[in-house]
Amino acid sequence: SGLSWEPRSRAVEQVHLRCTEGSLEWMYPARALRVVLEPNLSSAQHTTVCIKPASDFQGASIYVERAGQLHLVVSEAEGARPHHVSCFSAHTPQRVALFLQASPQRDISRRTASFQYELLSNQSPAGPDFKKMALVEAMCRPCDDLELLMAICSSDFVVKGSIRNVSHDSENHMSQVDVSAQKVYRQKNRIFQQDEASGEWRGPVRTLLQCKVKKGGGDFLFTGNEHFGEAWLGCAPRFKDFMFIYQAARERGANPCEF
């Protein structure tokens, strides 16, 4: 909180964050805050940083430091845009410095500059917002057998279910698939939750609008990863097709993990 600082001090508060993803909340922004992202995983090459301001982000602007220069990433005006994600390449993968500059204000009314961040690797920045994130594992093509087998080992969520509904958001270039889950094998957070009345497990999964997802019958195996608290679709084969591939791999001893 900016209220905890000495009124006459001109020092810039420094914060060091050691996780590859997380969030920061700066209440009553005053003067400046320097946030250094230094993940403990020194071996990982995090080549892209993505920042998602909170919907009520206000009171500051976010810059990234590059060679002693500050480059604007999120202005206070942009902070209120829903689903807006800013991504940029990290010139020094082990250490990225963000600079938050408080906006001038006459009163002491509460403002909060909060955002989520993720350090991503093997990215290929292209296009606006979400398209910059290779997170969009949904590459609009079917996964091959090896990708399917790896998806159940490494995905943030693995769910057997059917498609209840598909809605499209052309403004933000994404589609949402509402999934009715028969079995939740794994989930990182509580994306899929049980309806108290019906006992049914449900959850929303996002993908790119360009993938042209349509509602289809039957059971699927939905896999993918979570980014900024949202589930993004990866491989999603028909369940019977996946089981055929998995059983064949298991008989050969070629399955990378047990399902």
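**Exercise 1. Is cysteine 235 buried or exposed?**

Solution. Before we start, note that this is a predicted model, in which local features need pLDDT of at least 70, side-chain atom pairs count only at pLDDT 80 or more, and totals for chains, interfaces and linings use all residues. Residues are numbered from 1 along each chain as its sequence is written, and side-chain values use heavy atoms, with hydrogens and water left out.

Step 1: recall the cut-offs. Buried means under 20% relative accessible area, exposed means over 50%, and partly exposed lies in between (1.4 Å probe, protein chains only).

Step 2: apply them. Cysteine 235 has a relative accessible area of 8%, so this residue is buried.

Step 3: try some other cysteines. Cysteine 143, at 22%, is partly exposed, and so is cysteine 19, at 46%.

**Exercise 2. Find the disulfides and say what each one ties together.**

Solution. Step 1: use the rule. A disulfide is a pair of cysteine sulfur atoms within 2.5 Å. The count by this rule is two disulfides.

Step 2: take the pair of cysteine 143 and cysteine 235. Their sulfur atoms are 2.0 Å apart. The angle about the S-S bond is -95°, and the link is left-handed. Cysteine 143 sits in the loop between β9 and α1, and cysteine 235 in the loop between β15 (230-233) and α2, so the bond connects parts that are 92 residues apart in sequence. Helices (H or I, at least four residues) and strands (E, at least two) are DSSP runs, numbered from the N terminus.

Step 3: take the pair of cysteine 153 and cysteine 257, with an S to S distance of 2.1 Å. The torsion here is about -100°, so this disulfide is left-handed. Because cysteine 153 lies in helix α1 and cysteine 257 in the segment after α2, the parts tied together are 104 residues apart in sequence.

**Exercise 3. Check the length of helix α2 and work out which side is buried.**

Solution. Step 1: the expected span of a helix is 1.5 Å times one less than its number of residues. For the 14 residues of α2 (residues 239-252) that should give 20 Å, and the end C-alpha atoms are indeed 20 Å apart.

Step 2: list the buried residues of α2, which are Phe239, Phe242, Ile245, Tyr246 and Ala249. They cover an arc of only 130° around the axis (taken from the directions from the helix axis to the C-beta atoms), which means that they are on the same side of α2.

Step 3: look at the other side of α2, where Lys240, Phe244, Glu251 and Arg252 are exposed.

Step 4: ask what covers the buried residues. The cover includes α1 (145-154), β10 (157-169), β11 (174-187) and β14 (220-227), where contact means heavy atoms within 4.5 Å.

**Exercise 4. Describe the surroundings of strand β14.**

Solution. Step 1: eight of the eight residues of β14 are buried, so the strand is largely enclosed by the rest of the structure.

Step 2: find its partners. Two strands pair if DSSP finds at least two bridges between them. β10 and β14 run antiparallel and are joined by five bridges, with lysine 160 opposite leucine 221 in β14. β14 and β15 also run antiparallel, joined by four bridges, and histidine 227 stands opposite glutamate 230 in β15.

Step 3: inspect the turn. The hairpin of β14 and β15 has two residues between the strands, and phenylalanine 228 takes a positive phi near 55° there.
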